[in-house]
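User: I'm new to this one and would like a close look at a single part. Could you pick a helix, take me through it slowly, and then show me what else is worth seeing along the chain?

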Amino acid sequence: MSKTVTVFVSSPDTHSERRFDPHMTIGQLKGKLELITGIPVENQRIALFNSDIDVQPVSVLDDDQRPLGFYDIHDFQLLRVEDTNPSVTFTGQLTDVSAVEKFELSDEQYAQRQDSVLAYKQRHKVGRFAPKDQPPQTSVPIVNISVGSRCQVESTEEGFHKRGTVRFVGPTKFGTTGGIWVGVEYDEPFGKNDGSVQGERYFLCRPKYGVFVKPDKVQVGDFPEEEFDLESDEM
């Protein structure tokens with residue numbers, strides 16, 4: 001038999017993975033389980049299951065003098081510890097929320113709060129509180145570039161491209177033309193930023209490795225890492 005056995009221990013308030021010496025007695029095991037589950041030794045009833053979904057135990061560990069290995073325990077079985085006197089140890093109450101008093105607000109009370117989502121929307125004119133004369137938002141075009149793809153970015157110098165990995169695709173808060181931008185982490189430190197622009201973070205990379213370009217400047221494909229230098233239509 002191995003020096004230790006790895007099993008799951010389950011009780012009304014706990015569930016964990018533990019290692020035990022199969023030569024220890026059930027009485028010694030109960031002493032360790034009291035520290036894990038909070039159930040006193042004298043109130044423990046230990047049953048061995050093949051898995052957490054089984055309803056029928058393999059055996060009940062009811063002889064304090066026998067070693068744990070006597071019950072033919074093996075790795076990744078489950079020791080379910082039952083509290084035979086829960087009124088004394090209060091087991092199960094940590095996960096029972098039925099007796100917890102619910103905090104409720106009336107609609108009028110909620111409307112008066114200044115720290116609510118409703119108050120935030122009112123202050124910032126979001127959603128139904130937005131001005132009615134605002135022009136409708138334009139739809140965001142679909143760009144067939146996925147995050148994580150290898151790519152190369154066009155250079156203003158003919159025949160030159162800079163390679164990297166796509167880290168962001170979507171609308172941004174910078175720029176006057178709007179639309180979709182592609183955030184790229186270059187293989188070499190020839191970028192403009194670290195994935196953030198004007199205090200707004202869109203992805204994370206090392207300084208001077210990040211750049212934002214328009215989708216038409218990006219070609220996605222199986223491009224291995226390669227060192228090169230270029231200046232492109234970047235921001």
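Analyst: Here is a walk through one helix and its salt-bridge partner, followed by a few other spots along the chain.

Keep in mind that this is a predicted model. Let's start with helix α1, which covers residues 26–37. Is its length what you'd expect for a helix with 12 residues? At 1.5 Å a residue, α1 should span 16 Å, and its end C-alpha atoms are 15 Å apart, so the two agree.

Now, which residues of α1 are tucked away from the surface? The buried ones are I26, L29, K30, L33, I36 and T37. They cover an arc of only 115° around the axis, which puts them on the same side of α1. The spacing fits a simple rule: an α-helix has 3.6 residues a turn, so residues three or four places apart point the same way.

K30 deserves a second look. With a relative accessibility of 9%, K30 falls under the 20% limit and therefore counts as buried. Its side chain has a partner, too: K30 forms a salt bridge with D64, and the closest N and O atoms are 3.1 Å apart. That pair links distant parts of the chain, since K30 sits in helix α1 while D64 belongs to the loop between β4 (59–60) and β5 (78–83), 34 residues apart. Unlike its buried partner K30, D64 is partly exposed, at 31% relative accessibility. As for the background, side chains of opposite charge can pair when their charged atoms come close.

Follow D64 into its loop and there is more to see. D63 makes a salt bridge with R66, at 3.3 Å from N to O. D63 is partly exposed, with a relative accessibility of 27%, and R66 is partly exposed as well, at 35%. The loop between β4 and β5 also holds D72, which has a positive phi of about 55° although it isn't a glycine. Most residues other than glycine have a negative phi. D72 counts as exposed because its relative accessibility is 61%.

The structure holds 8 salt bridges, and one more of them is worth a stop. The side chains of D187 and R150 meet at 2.8 Å, N to O. This pair also links distant parts of the chain: R150 is in strand β6 (residues 150–154), and D187 is in the loop between β8 (180–186) and β9 (196–197), 37 residues apart. D187 is buried, at 14% relative accessibility.

D187 brings us to a stretch with a label. UniProt, in an unreviewed entry, lists residues 179–214 as "domain: CAP-Gly". Over those residues the chain is 0% helix and 42% strand, with the end C-alpha atoms 9 Å apart. Have a look at K208 while you're there: K208 lies in the loop between β10 (200–201) and β11 (210–213). K208 has a positive phi of about 70° and, again, is not a glycine. K208 is partly exposed, with a relative accessible area of 48%.

One last stop, this time on the surface. L105, Y110 and V117 form a nonpolar patch there, with about 250 Å² of accessible area together. V117 belongs to helix α4 (residues 117–124). V117 is exposed, with a relative accessible area of 53%.

Definitions and conventions:
Residues are numbered from 1 along each chain as its sequence is written. This is a predicted model: local features need pLDDT of at least 70, side-chain atom pairs count only at pLDDT 80 or more; totals for chains, interfaces and linings use all residues. Side-chain values use heavy atoms; hydrogens and water are left out. Patches are made of residues with over 30% relative accessible area and no salt bridge: like charges are joined within 9 Å, nonpolar side chains (Val, Leu, Ile, Met, Phe, Trp, Tyr) within 5 Å. Accessible areas come from the Shrake-Rupley method with a 1.4 Å probe; for residues, only the protein chains shown count as cover. A salt bridge is a side-chain nitrogen of Lys or Arg within 4 Å of a carboxyl oxygen of Asp or Glu. Helices (H or I, at least four residues) and strands (E, at least two) are DSSP runs, numbered from the N terminus. Buried means under 20% relative accessible area, exposed over 50%, partly exposed in between (1.4 Å probe, protein chains only). UniProt positions are given in the numbering used here, feature names are shortened, and annotations may be inferred rather than shown by experiment. The expected span of a helix is 1.5 Å times one less than its number of residues. The arc is that of the directions from the helix axis to the C-beta atoms.
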